[in-house]
Amino acid sequence: MAPAGGVEAGPQRGFAALGVGNQGITNVGTLIVPNGEGPAKVEIEGNVQQVVVPAAAKLKELKVLSLGADTDLFPGIPRQFTGAGTIVKVTVEKDVTDYTFQVPGAVDQMVVGGSITGSELSFARTLKLFSVQGDVEGSTLSFARKVGKLTVKGDVDGSEILAGYNEKQEGVNADAQIGTINIAGVLRASNLVAGAGRGADGIFGTADDQLIGSGRPGVIASIARIVLGGVEGTGATGDGFGIVAEEIGKLKIGGTPVRLAPDARNDLTPIPLLPDGSTDDFYAREVVPA
Ligand SMILES: [Ca+2]
Ligand SMILES: [Ca+2]
């Protein structure tokens, strides 16, 4: 189905891409990365709606202006990034909007120049870096294995950052780890988790949270260092939010360190990050195996 405006060849030789000119840039409905080594870097100066990465694809960098831009340029084409191939670095210059990003293959680094909104991003392999210049809003970031460094320059609002979880947001790995989380803005009504389950109450940061039921003994599901500009709950009753792992190394909020006992599995009484007894429930807690 050709979009209005006519079909153009993809901007890169060897790429099956359906493009339509718009304001001097080329937007792409479906970008299919070719198999094999291909060019080292592919750059799309427009918005991309769907990306398919075949298992045999191996690309050093994919750079696009945005993924799933607000304007629905290509009706009927899903706003999704799928495939089992390798892309060493994914760069999105602007925003990721209402998007599903599922990569069973390897992505070492993902860098977003704008904000991530209303999206679900999941990574099956270890990431070195996940970086967002803007905000993360109403989104889920799930990492099945490890993340070296996760940085958000803006706020994280109404979102989940879950290490040890798959694309269905099921807990799958009790050995998941995040090295550093740095959120310059406010962590608002959101969860930061490594290898922990939310328990029967469905809320992270409470006494029934447990380690996900799998994993090698001796491997600790940890978040080594967390630096947050601030923390806010919702003020509503019946909800709650948490920073939860088998071990939370260092935690600093608004420049003030939160006191945690050294080592894993010992901060089992939820530590209030906001005035205790208020409805702005936000706690840090470590977990033990079920
Ligand atoms: Ca709970
Ligand atoms: Ca501890």
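## Overall fold

What radius of gyration would a compact globule of 290 residues have, and what does the protein chain have? A compact globule would come near 19 Å, and the protein chain has 20 Å, which agrees. The model is predicted. Along its principal axes, the C-alpha trace spans about 60 × 40 × 30 Å.

The secondary structure is quickly told. The protein chain has 27 strands and zero helices. Of its 290 residues, 46% count as buried. Take the contacts between residues at least 6 apart in sequence: 48% of them join residues at least 24 apart.

## Confidence

The mean pLDDT of the protein chain is 88. A value of 70 or more is reached by 90% of its residues. Residues 1-24 are a stretch to read with this in mind: their pLDDT is below 50. Even so, the stretch has 43 contacts in the model beyond near neighbours in sequence.

## The nonpolar core

The largest nonpolar core holds 76 residues. Which of them touch the most other members? They are Val193, Ala194 and Ala196. Among the elements, strand β4 (residues 58-67) gives the most to this core, with five residues.

Ala196 shows what such a position meets. Leave aside its neighbours within four places in sequence. Ala196 is then in contact with Asp209, Gln210, Leu211 and Ile212, among others. Ala221, Val244, Ala245 and Val287 are also in contact with Ala196.

## Strands β18, β22 and β24

Strand β22 (residues 222-232) has partners in β18 and β24. β18 and β22 run parallel and are joined by eight bridges. β22 also pairs with strand β24 (residues 247-253), in the parallel sense, over six bridges. In that second pairing, Ile226 stands opposite Leu251 of β24.

Leu187 lies in β18. Its bridge partner in β22 is Val231. Is Leu187 buried or exposed? Leu187 counts as buried because it has 27 C-beta neighbours inside 10 Å, and 20 are enough. Beyond four places in sequence, Leu187 is in contact with Val156, Leu228 and Val231. Gly218 is another matter: 31 residues from Leu187 in sequence, it lies 30 Å away in space, C-alpha to C-alpha.

## Strand β27

Strand β27 (residues 282-286) is mostly covered, with five of its five residues buried. In a regular strand the side chains alternate between the two faces of the sheet. In β27, Phe282, Ala284 and Glu286 point one way. Tyr283 and Arg285 point the other way. Residues on both sides are buried, the charged names Glu286 and Arg285 included.

Which strands pair with β27, and in what sense? Strand β23 (residues 241-245) runs parallel to β27, with five bridges between them. Val244 stands opposite Arg285 in this pairing. Strand β26 (residues 271-272) runs antiparallel to β27 and is joined to it by two bridges. There, the bridge partner of Ile271 is Ala284. Val244 links this region back to the core section, as one of the contacts of Ala196.

## Loop positions

Most residues other than glycine have a negative phi. Asp98 has a positive value, near 45 degrees. The residue sits in the loop between β7 (96-97) and β8 (100-103). Asp98 is partly exposed because 17 other C-beta atoms lie within 10 Å, between the limits of 12 for exposed and 20 for buried. Gln169 also has a positive phi, of about 60 degrees, and is not a glycine. Its place is in the loop between β17 (160-163) and β18 (177-188). With 13 C-beta neighbours inside 10 Å, Gln169 counts as partly exposed.

Gly105 is found in the loop between β8 and β9 (107-112). Why does Gly105 count as partly exposed? Gly105 has 19 C-beta neighbours inside 10 Å, and a buried residue needs 20 or more. Outside four places in sequence, its contacts include Val53, Ala55 and Arg125. Gly83, Ala84, Gly85 and Thr86 are in contact with Gly105 too. Ser159 lies 54 residues from Gly105 in sequence and 24 Å from it in space, C-alpha to C-alpha.

Notes
Residues numbered from 1 in each chain as written. Chains lettered and ligands numbered in written order. Predicted model: local features only at pLDDT ≥ 70, side-chain atom pairs only at ≥ 80, totals over all residues. Core = buried A, V, L, I, M, F, W, Y, C linked by C-beta atoms within 7 Å. Helix = DSSP H or I, 4+ residues; strand = E, 2+ residues; numbered from the N terminus. Contact = placed C-beta atoms within 7 Å. pLDDT = per-residue confidence, 0-100. Rg over C-alpha atoms; globule rule 2.2 N^0.38 Å. Pairing = 2+ DSSP bridges.
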